[in-house]
Amino acid sequence: NWPYTAVLVPVIAGATWRFRGDWRHAALWSLGLALVLSPTLHPWYVIWILPLAIWQRAPAWVVLSISALGAFLLWESTALWTEWQANWFTRLIVIAPPLLAWRLDAGRTHRHLSPL
């Protein structure tokens, strides 16, 4: 797993440095990046970030925690899931909702901060 470690260490160090003044954000992003960039992401791993995401009011991370459970719907070997190997459809139902939540939250925040 050294190639993953070679990527994870600088990315998490960068997130920690970026949020050095706010340990809560640093913890959220460090754990989140470790989860997203890990070589194996089982759906139950994403639940670990839920307390930090709720505490920080980070809707995209909350939605990821919930949408990851959708992978359980396709857990058995079927045309849409090969045992222990997520395919494009499973990845889509896990990743699309938090990306949409992230985009909607960014748009809401931008409009909220706008002087108009």
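**Entry 1: two helices side by side**

I looked first at how α1 and α2 meet, and found that α1 passes α2 in a right-handed crossing, a crossing being right-handed if the near helix is turned clockwise from the far one by less than a right angle, and left-handed if anticlockwise. I noted that this is a predicted model, in which local features need pLDDT of at least 70, side-chain atom pairs count only at pLDDT 80 or more, and totals for chains, interfaces and linings use all residues. Residues are numbered from 1 along each chain as its sequence is written, and side-chain values use heavy atoms, with hydrogens and water left out.

Helix α1 covers residues 2-18 and helix α2 residues 23-37, and they pack at an angle of about 160° with their axes 9 Å apart; the axes are lines fitted to C-alpha atoms over the stretch in contact, and angles run from 0 to 180 degrees between N-to-C directions. The two helices are therefore roughly antiparallel to each other, a term for angles over 145 degrees. I listed the residues in contact (heavy atoms within 4.5 Å): α1 brings Y4, L8, V11, I12, A15 and T16, while α2 brings A26, W29, S30, L33, A34 and L37. Of these residues, ten are nonpolar, two are polar and none is charged.

**Entry 2: the chain and its core**

I read the pattern α-α-α-α-β-β-α along the sequence, with helices being DSSP runs of H or I of at least four residues and strands runs of E of at least two. Buried residues (under 20% relative accessible area, with a 1.4 Å probe and protein chains only) make up 29% of the 116 residues.

Which residues form the largest nonpolar core? I found twelve, namely L28, L35, V46, I49, L52, A53, A58, W61, L64, A68, A71 and V94, where a core is a set of buried Ala, Val, Leu, Ile, Met, Phe, Trp, Tyr and Cys residues joined through side-chain atoms within 4.5 Å. At least two of its residues come from each of α2, α3 (50-55) and α4 (59-67). Leaving aside neighbours within four places in sequence, V94 is in contact with L64, S67, A68 and A71.

**Entry 3: two loop residues**

Is R57, in the loop between α3 and α4, buried or exposed? I noted that R57 counts as exposed because its relative accessibility is 75%, the limit being over 50%. Its phi is near 55°, a positive value in a residue other than glycine, and most residues other than glycine have a negative phi.

L41 sits in the loop between α2 and α3 and is partly exposed at 37%. Not counting residues up to four places away in sequence, L41 touches L35 and V46.

Definitions and conventions: Parallel < 35°, antiparallel > 145°, perpendicular 65-115°, else oblique. Nonpolar A, V, L, I, M, F, W, Y, C, P; charged D, E, K, R; others polar.
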